[in-house]
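Where does this protein leave empty space, and which residues pack its interior? The briefing below takes cavities first, then cores.

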Amino acid sequence: IFGLLVTSVLFVVRYSRVPPIGRVETLAVRGSSLQRAPRDQRVLMQMGRGVMIYSLRGYLFFGSISRVCGSIHDDVEARGSEVTDVIIDFEHTHGADVSTVMALRQLLHYLSALDITLTLAGLDWDVRALFEKRLGTDVPVHWAATADAAAESLEETLLSRHHDRQSAPEVDAHRVLTGPGAALAFLGLNGADDRLRGLIDQLENRVYRDGEVIFRQGEPDSGVLLITQGRIDIVRQNPSGLGTTRLRSFLPGATVGEMAYYLGHGRRTATAVAKGRTTVCYLSLPILQGLARSAEEASELEIAFHRAMAKILAERLEFQSARAATLVGR
């Protein structure tokens, strides 16, 4: 009995020394799996710095959860009013005792007093039921099935806050041009003469139903889809051949399919599926050059196409580089 007690105490002491926080990120660095319009991405890169995401691991008890809450408290104190939201991801934890709920309740009151929202993500249903019962309803807490779902929800909230701060409707972060207007904005030809604008008006717009496959993995195609309405999920077949995995989702203003052209193989590397009624503007160099009535017009359209794609790819690279730099730094 004495040996078991000593072993239990040693286990608790040693386990409490294991860092319970696996990773700390901001929404600006991590982001969700949604690829939005470039201007929305720029807004989120700025406002997302105030959203802290804590990924926990191991089993949570009084020793480990106190360190988690202490770290969050210190980060909030250090950043001051910059912090607007906190996400705690429990996906990689193995369980939690009652002391975890009590510590979270104190943390919730502390954050609420500073007008900071708290979102708990990745909890098993039984653990979540325990938390909901013990945390009470006097101070609001948000729930999410996964950290990615929490990130998506907060991105929408941040974009809404940004929109509310604007006085003019034309700077609405959610407003997306449709049809030829979207293509003109994407290609940077809004200020072009009527000659080029008339050519863009002839571009093909395609409409897809919810669940309809837009293109399949392995198909020969190198066109770029500019989303003007709806959402596109990019999925890939699992190595086992059973089922698919969603890699990323794209919203209006974003482009899909540019890698098939720039990698040179001309084949789709994944499958695109429409989520809800989806409208896209189909862009490709052969189509743009086919619209031109002269070599000069073809050259202008080709330059505009490459310039637009270079800007999109550069913005994505900037985002991924910022995330990589943060991960390496930690």
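What follows covers the enclosed space and the nonpolar cores of this model.

The model is predicted: local features need pLDDT of at least 70, side-chain atom pairs count only at pLDDT 80 or more, and totals for chains, interfaces and linings use all residues. Residues are numbered from 1 along each chain as its sequence is written, and side-chain values use heavy atoms, without hydrogens and water.

**Cavity**

- One cavity of 30 Å³ or more is present (a set of 1 Å grid points where a 1.4 Å probe fits but cannot get out).
- The largest cavity has a volume of about 60 Å³, taken as the space filled by probe spheres set on the points.
- Its lining (residues with an atom within 4 Å of a point) includes Leu27, Gln41, Glu155, Arg248 and Phe319.
- Helices α2 (27-30) and α3 (38-47) each give two or more residues to this lining (helices are DSSP runs of H or I, at least four residues; strands are E, at least two).
- By class, five lining residues are nonpolar, three polar and two charged.

**Cores**

- The largest nonpolar core has 31 residues (buried nonpolar residues, Pro left out, joined through side-chain atoms within 4.5 Å; buried means under 20% relative accessible area).
- Val86, Ile88, Phe90, Leu104, Leu120 and Phe131 touch the most other members.
- The largest share, seven residues, comes from α5.
- Beyond neighbours within four places in sequence, Ile88 is in contact (heavy atoms within 4.5 Å) with residues including Tyr54, Ile72, Leu104 and Leu120.
- A second, separate core of 25 residues includes Leu199, Val224, Leu283 and Phe305.

Terms used
1 Å grid on protein atoms, 1.4 Å probe; cavity = no way out; pocket = protein on both sides within 12 Å on 5 of 7 lines; lining within 4 Å. Nonpolar A, V, L, I, M, F, W, Y, C, P; charged D, E, K, R; others polar. Buried < 20%, exposed > 50% of the residue type's maximum accessible area, 1.4 Å probe, protein only.
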